[in-house]
Amino acid sequence: MHSRGGDAARPIAANLSAPVSQTNPVLRAPPVGSAARSLCQRCLRPQRSCICQWIAPHTPQVEVLILQHPLEVQQAKGSARLLHLSLAASQLVVGEQFAPEQLAQLLAGPRRNILLYPEMAGEQSLGMAPAQPLDPAWLLQPQQLRLIVLDGTWRKSRKMLYLNPVLQSLPRLPLKATPPSHYLIRKAHLPDQLSTLEATVYALAQLELAPQRYDALIAAFDGFVAQQAAFVPAASPKSHGSGD
């Protein structure tokens, strides 16, 4: 989950000591007779809940790197996989604590790295390094930027930040004037939090000075949310406090 002040929301299990990149995911063949044989090879979900119809291809100027907490891999309501499949040249890497050399490799290259995450009071009291200031000159060349997104619940994303000092010092992007979240299928830590997909899309639109460029992806996300909501069993009268 992500705060509008910045950031904080799923494909194969990961070994924390060796996070898994999903730029080009490698799938193992499921055992014969297993229900896994009906897995969609693109979105990695069961065929009955495939989300490929909601993929909305976009080619952003800003490169996107999604660091996904391992507990989000099997989270059906998560939006990171749809985001990854919709954004050309994006990467999705699973892990909680990354080796410094791996992070250095992921962040290497000519692009400038910006972390989509709010600066929170009390971070330095926890021993976290202060974030570098964001140079306004960077924003003049979005094609030279790489947006780093932490995909996980509020608590898990904070832990990822705490465990990875390299991320702590990255300049951060505060989101501005975002609309209310459409993510009604998952509980938010704060009322102004957004899904990973929403926060990333609004950040891209902000960085690229293109407020409507990703409207089609938000519309597709609405379809994804409606599909996931259809799988939620209807609440019983007792759960509504009928007195039974």
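Just after helix 5, leucine 209 takes a positive phi of about 55 degrees, where helices (H or I, at least four residues) and strands (E, at least two) are DSSP runs numbered from the N terminus. The model is predicted, so that local features need pLDDT of at least 70 and side-chain atom pairs count only at pLDDT 80 or more, while totals for chains, interfaces and linings use all residues. Residues are numbered from 1 along each chain as its sequence is written, and side-chain values use heavy atoms, with hydrogens and water left out.

**Exercise 1.** Determine how the span of helix 5 compares with the expected one, and whether its residues are enclosed or not.

*Solution.* Begin with the length: helix 5 covers residues 196–207, which is 12 residues, and reaches 16 Å from its first C-alpha to its last, close to the 16 Å expected at 1.5 Å a residue; the expected span is 1.5 Å times one less than the number of residues. Next, take burial, where buried means under 20% relative accessible area, exposed over 50%, and partly exposed in between (1.4 Å probe, protein chains only). Because 11 of the 12 residues are buried, helix 5 is largely enclosed by the rest of the structure; among the buried ones are Thr196, Tyr202, Ala205 and Leu207.

**Exercise 2.** Find where alanine 89 and alanine 177 lie, and describe their backbone and exposure.

*Solution.* As background, most residues other than glycine have a negative phi. Alanine 89, in the loop between helix 1 (80–86) and strand 4 (91–94), has a positive phi of about 65 degrees and counts as exposed at 65% relative accessibility. Alanine 177, in the loop between helix 4 (165–168) and strand 7 (193–194), has a positive phi near 50 degrees and is exposed, with a relative accessible area of 84%.

**Exercise 3.** State how many disulfides the structure holds, and examine cysteine 43 and cysteine 52.

*Solution.* The structure holds 0 disulfides, a disulfide being a pair of cysteine sulfur atoms within 2.5 Å. For cysteine 43, which is in no disulfide, the nearest cysteine sulfur is that of cysteine 40, 3.7 Å away, and cysteine 43 is buried, with a relative accessible area of 1%. For cysteine 52, likewise in no disulfide, the nearest cysteine sulfur is that of cysteine 50, 3.5 Å away, and cysteine 52 counts as buried at 19% relative accessibility.
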